[in-house]
Amino acid sequence: MSFQSMYRERKREASEAIWLVQDGDTIVVPIAAGEPPALLRALSEHRREFRDVTVFQMLPLHQPDYFDPETTQHVRHSSPFLGGPNRAGVHEGWIDVVPSHFSEVPRLIRRGLVPTDVVFAHASPMSEDGMLAIGLSPDYTMAAIEKARTVVLEVNPQVPFAHGPCRVHISQVTAVVESDEPLVEIPPTTIGDVERAIAGYVGELVPDGATLQIGIGAIPDAVVQQLASKRDLGIHTEMFGDGILTLLEAGGATNRRKNRHPGVTIATFALGSHRLYDYLDDNPSVQMHPVDVTNDPVLAGQNDRLHSINGSLQVDLIGQCGSETLAHKPYSGTGGQFDFVRAANRSEGGRSFIVLPSTAKGGTISRIAPTLAPGTHVTTSKNDVDHVVTEYGVARLRGRTLRERARALIAIAHPDFRAELTEAAEQLRIV
Ligand code: COA
């Protein structure tokens, strides 16, 4: 049978395809732009006709109707990384959190620790040789496709036919649903004086020839702007965003000096503008890989001069970073922060930067705190943290004593809080 006939045989409406889901199933859905909107809409519409179905997804960027506290006995959401749409449901207790490093999610799926019965994912149109690309988000989706009983792809011509091990053959697919909806785009971040100052410090420490992992948000975006004058940067990251695209287009990132995957940009999910998604389409200079490749600390750390830049919410005086909760309340997730901190620690000439403004809530709260607020989840431990950067400078912590750490961190706290932090450090007998 030709690949075209196999495709035609599998074609369904979204309202039909959802009946491939059985009561009790877990449906794995890719991160961010990889989520298939038509399938999630159809599932939401019919949610009351299912029982005990779980949808597992990191960082949803839409709010499908099944995010509904009244219908969780039918379809329930569970996630290792929160965004705006699922945060309130977690705080109210009707959405579940599965703690995990991003790099570990494929392993949880392969070992059955996260059940995987069905995959609903966005895919590119099929090539002549029967391949469809999960180019926006191979991350944990490729492992889920191997494991699932049922694979339903929402084929959308706007999804790039990306390169790398992110492709699936039509014979592995149970059903295809066609749609042509615009992909989710994120607007450019607002970069102010604080972000620019932090980025300036980081930029000074990134050498020519560094390999970069750049996190999500305004500070990482500001860092990218500071790197415009660097040469021969390499990209080995989890998120491929517009900042990285700018570096590639300006010629500052050549990938020439990377030890692993020289000459190509490596990422595991893409999130940004339409221009970014177009850039990925049939572009062999960017490869999209599963997250257990991009974020594996051993593999990523084989790149010399790996520099990783990620945000945090609070850091205590010994360097523990609470990057994902506000006290006990989840705000985001671990994501790849710890994966890349460890990778940079292994890398010859590598550095990791935890970046954060010195204060929150209009300057009323110091984000450098004597101890983390009770219940805070530690994202990067004291044994792994390397550099912490605020708009007041850089605290290099790795290899340093608790006393040295506290002094270095107080020196980059907001001046209004330095006296009380020093007093607290003395009371805690750290200094
Ligand atoms: N106490 C009280 N409130 C605080 C606070 C603190 N110590 N720190 C931050 N906040 C508040 C902020 O004021 C803000 O509230 P607002 O929206 O009402 O203004 C909110 O918490 C979020 O803080 P902000 O600094 O704006 O966060 P962000 O959107 O820039 O995201 C992280 C930063 C830390 C959440 C994000 O980088 C992250 O999730 N990191 C962990 C995972 C990771 O690094 N992954 C790898 C890259 S994908």
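User: What radius of gyration would a compact globule with 431 residues have, and what does the chain have?

Analyst: This is a predicted model, and with 431 residues a compact globule would have a radius of gyration near 22 Å, which agrees with the 22 Å of the chain. The C-alpha atoms fill a box of roughly 70 × 50 × 35 Å along the principal axes.

User: How many helices and strands does the chain have, and what share of its residues is buried?

Analyst: The chain has 15 helices and 27 strands, and buried residues, which are those under 20% relative accessible area, make up 60% of the 431 residues. Of the contacts with a separation of 6 or more, 71% are between residues 24 or more positions apart. As for the surface, the chain exposes about 16,900 Å², and carbon and sulfur atoms supply 48% of that area.

User: How many positive and negative side chains are there, and how far apart do the centres of the two sets lie?

Analyst: There are 40 positive and 52 negative side chains in the chain, and the centres of these two sets lie 8 Å apart.

User: Now I would like to read a sheet. In what order do the strands of the open sheet of eight strands come?

Analyst: The general idea is that strands of a sheet pair through backbone hydrogen bonds, either parallel or antiparallel. Here, the eight strands of this open sheet have the order E1-E10-E8-E6-E2-E3-E4-E5, and the pairing is parallel. Strand E1 (11–12) and strand E5 (96–97) each have a single partner strand and stand at the edges, so one side of each is left without a neighbour in the sheet. At one of these edges, two bridges join strand E4 (residues 75–79) to E5 in a parallel arrangement, with serine 78 standing opposite aspartate 96 in E5.

User: Which strands form the open sheet of six strands, and what is the pairing?

Analyst: The six strands of that open sheet follow the order E12-E11-E17-E22-E26-E27, and their pairing is mixed. Its edges are strand E12 (234–235) and strand E27 (393–396), and because each has a single partner strand, one side of each is left without a neighbour in the sheet.

User: Where can I see the parallel and the antiparallel pairing around E26?

Analyst: Strand E22 (residues 351–355) and strand E26 (residues 387–390) run parallel and are joined by three bridges, whereas E26 and E27 run antiparallel and are joined by four bridges. Histidine 387 is a useful residue to follow, since phenylalanine 353 stands opposite histidine 387 in E26, and histidine 387 in turn stands opposite arginine 396 in E27. A hairpin through two residues joins E26 to E27.

User: Which side chains along E27 are buried, and which are not?

Analyst: The side chains of E27 alternate, with Gly393 and Ala395 pointing to one face and buried, while Val394 and Arg396 point to the other face and are not buried.

User: How should I read a helix, and which residues of H15 are buried?

Analyst: In general, an α-helix has 3.6 residues a turn, so residues three or four places apart point the same way. In helix H15 (residues 415–427) the buried residues are Phe417, Leu421, Ala424 and Ala425, and they pack against strand E23 (359–360), strand E24 (365–366), strand E25 (368–369) and helix H14 (402–411). Just after H15, arginine 429 takes a positive phi of about 60°. Helix H3 (residues 37–45) is mostly covered, with seven of its nine residues buried, among them Pro37, Leu40 and Ser44.

User: Is alanine 300 buried or exposed, and which residues does it touch?

Analyst: Alanine 300, which has its place in helix H12 (residues 297–300), is buried, with a relative accessible area of 0%. Leaving aside residues up to four places away in sequence, alanine 300 touches His236, Thr294, Leu306, Phe340 and Ala343.

User: Where are aspartate 52 and alanine 327 found, and what is the phi of each?

Analyst: Aspartate 52 is found in the loop between H3 and strand E3 (53–56), where its phi is near 55°, a positive value in a residue other than glycine. Aspartate 52 is exposed, with a relative accessible area of 51%. Alanine 327 lies in the loop between strand E20 (325–326) and strand E21 (329–330), and its phi is near 50°, which is again a positive value in a residue other than glycine. Alanine 327 is partly exposed, with a relative accessible area of 23%.

Notes
Residues are numbered from 1 along each chain as its sequence is written. This is a predicted model: local features need pLDDT of at least 70, side-chain atom pairs count only at pLDDT 80 or more; totals for chains, interfaces and linings use all residues. Side-chain values use heavy atoms; hydrogens and water are left out. The radius of gyration is taken over C-alpha atoms; the globule rule is 2.2 Å times the number of residues to the power 0.38. Buried means under 20% relative accessible area, exposed over 50%, partly exposed in between (1.4 Å probe, protein chains only). Contact means heavy atoms within 4.5 Å. Accessible areas come from the Shrake-Rupley method with a 1.4 Å probe; for residues, only the protein chains shown count as cover. Lys and Arg count as positive and Asp and Glu as negative; His and the chain ends are not counted. The place of a charge is taken as NZ of Lys, CZ of Arg, CG of Asp or CD of Glu. Two strands pair if DSSP finds at least two bridges between them.
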